[in-house]
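Got your viewer open? Here's a walk through the model, one selection at a time.

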Amino acid sequence: MVPVGVSAKAVRDFVQHFTPWIDRKVAAMQCYAEQSAVVPQAVEFTFTNERFEVERHGAPKRSVTQHGGRLVVHAPDDDVARHLLQGWLKRAAGERLGPRLLRLANDLNYSVARVAIRCQRTRWGSCSTRGTVSLNCSLVFLRPEVVRYLFLHELAHTKHMNHSVNFWRLVERLEPEYRRLDRELLAGWRTVPAWVFKS
């Protein structure tokens, strides 16, 4: 229901402004509701086209080791196994995302003080006033073009710490296809396996 006196244009502007946020929240909730949080049989990184078979061993000791394309997990139960895999994912994502972001920043002559890898439920990335770019470890489950767009988005924040008109002009200059890629990024939560966030 629209309040009395509010124009149709104001309603359209409101909906257009908040649609990305709504899409992001709906996609995130669908991800949690639709997927099982069991320990996976394999982990696939779309970003780097890698696949890791998961070999699970019930044991009192707790460890995850990588042997090429195989992950060997020693854990007494599913909760511990997921926790170990989450730690491995964060490290593996850092090895793949950080260097690529820094290389892109260097190519474009942008300054990044530090790269941090986080495992957040609702944010793909952020940039601090001190030049630290934080990246979500789940980016490895997205296509390279979409991840590159997120990199460019955060690099643009090193120039504009907001989502102003000037910010989006810079983003468009860096990536003319940003609107399409931004939509895919917002829907990207559907591709993140549920075990990533299961506590």
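At its relative accessibility, does glutamate 44 count as buried, partly exposed or exposed? Select glutamate 44 and show the surface: its relative accessibility is 47%, so it counts as partly exposed. Buried would need under 20%, and exposed over 50%. Before you go on, keep in mind that this is a predicted model.

**Stop 1: charged partners**

Stay on glutamate 44 and add arginine 51 to your selection. Their side chains meet in a salt bridge, with 2.5 Å from N to O. Arginine 51 is partly exposed too, because its relative accessibility is 43%. Why would two side chains like these pair up? Side chains of opposite charge can do so when their charged atoms come close.

Next, pick arginine 56 and aspartate 78. They form another salt bridge, and the closest N and O atoms are 2.8 Å apart. Arginine 56 sits in strand E2 (residues 50–57) while aspartate 78 belongs to helix H2, so this pair ties together parts that are 22 residues apart in sequence. Both ends count as partly exposed: arginine 56 has 32% relative accessibility, and aspartate 78 has 37%.

Now jump along the chain to glutamate 172 and arginine 179, whose side chains meet in a salt bridge at 3.5 Å, N to O. Glutamate 172, at 34% relative accessibility, counts as partly exposed, and so does arginine 179, with 47%. Then go back and select Glu44, Arg51 and Glu53 together: salt bridges with shared partners join them into one network. The structure holds 12 salt bridges, so there are others to hunt for.

**Stop 2: along helix H2**

Select residues 78–108, which make up helix H2. How far apart should the ends of these 31 residues be? At 1.5 Å a residue the helix should span 45 Å, and its end C-alpha atoms are 44 Å apart, which agrees.

Start at the beginning of the helix. There, a side-chain oxygen of aspartate 77 reaches to within 3.1 Å of the backbone nitrogen of aspartate 79. Slide along to glycine 94, where a kink of about 30° is centred. Just after the helix comes asparagine 109, which takes a positive phi of about 65°.

**Stop 3: into the core**

Hide the surface and colour Phe45, Trp88, Leu89, Leu97, Leu135, Leu139 and Phe141. These have the most contacts inside the largest nonpolar core, which has 54 residues. Several elements each supply at least two residues of this core, including E2, strand E1 (42–45), strand E7 (132–136) and helix H3 (144–157). Which element gives the largest share? That's H2, with 12 residues.

Zoom in on leucine 135. Leaving aside neighbours within four places in sequence, its contacts include Leu97, Leu101, Trp124, Leu150 and Phe151.

Now find serine 138, in the loop between E7 and H3. Is serine 138 buried or exposed? Its relative accessible area is 0%, so it is buried. Apart from neighbours within four places in sequence, serine 138 is in contact with Trp124, Val192, Val196 and Phe197.

**Last stop: zoom out**

Switch to a cartoon view of the whole chain. You should find 5 helices and 7 strands, running α-β-β-β-β-α-β-β-β-α-α-α from the N terminus. Of the chain's 199 residues, 42% count as buried.

Methods
Residues numbered from 1 in each chain as written. Predicted model: local features only at pLDDT ≥ 70, side-chain atom pairs only at ≥ 80, totals over all residues. Heavy atoms only, no water. Helix = DSSP H or I, 4+ residues; strand = E, 2+ residues; numbered from the N terminus. Expected span 1.5 Å × (residues − 1). Bend = angle between axes of the 7 residues up to and from the residue. Polar contact = N/O pair within 3.5 Å; in protein donor to acceptor, adjacent residues only side chain to side chain. Salt bridge = Lys/Arg side-chain N within 4 Å of Asp/Glu carboxyl O. Buried < 20%, exposed > 50% of the residue type's maximum accessible area, 1.4 Å probe, protein only. Core = buried A, V, L, I, M, F, W, Y, C linked by side-chain atoms within 4.5 Å. Contact = heavy atoms within 4.5 Å.
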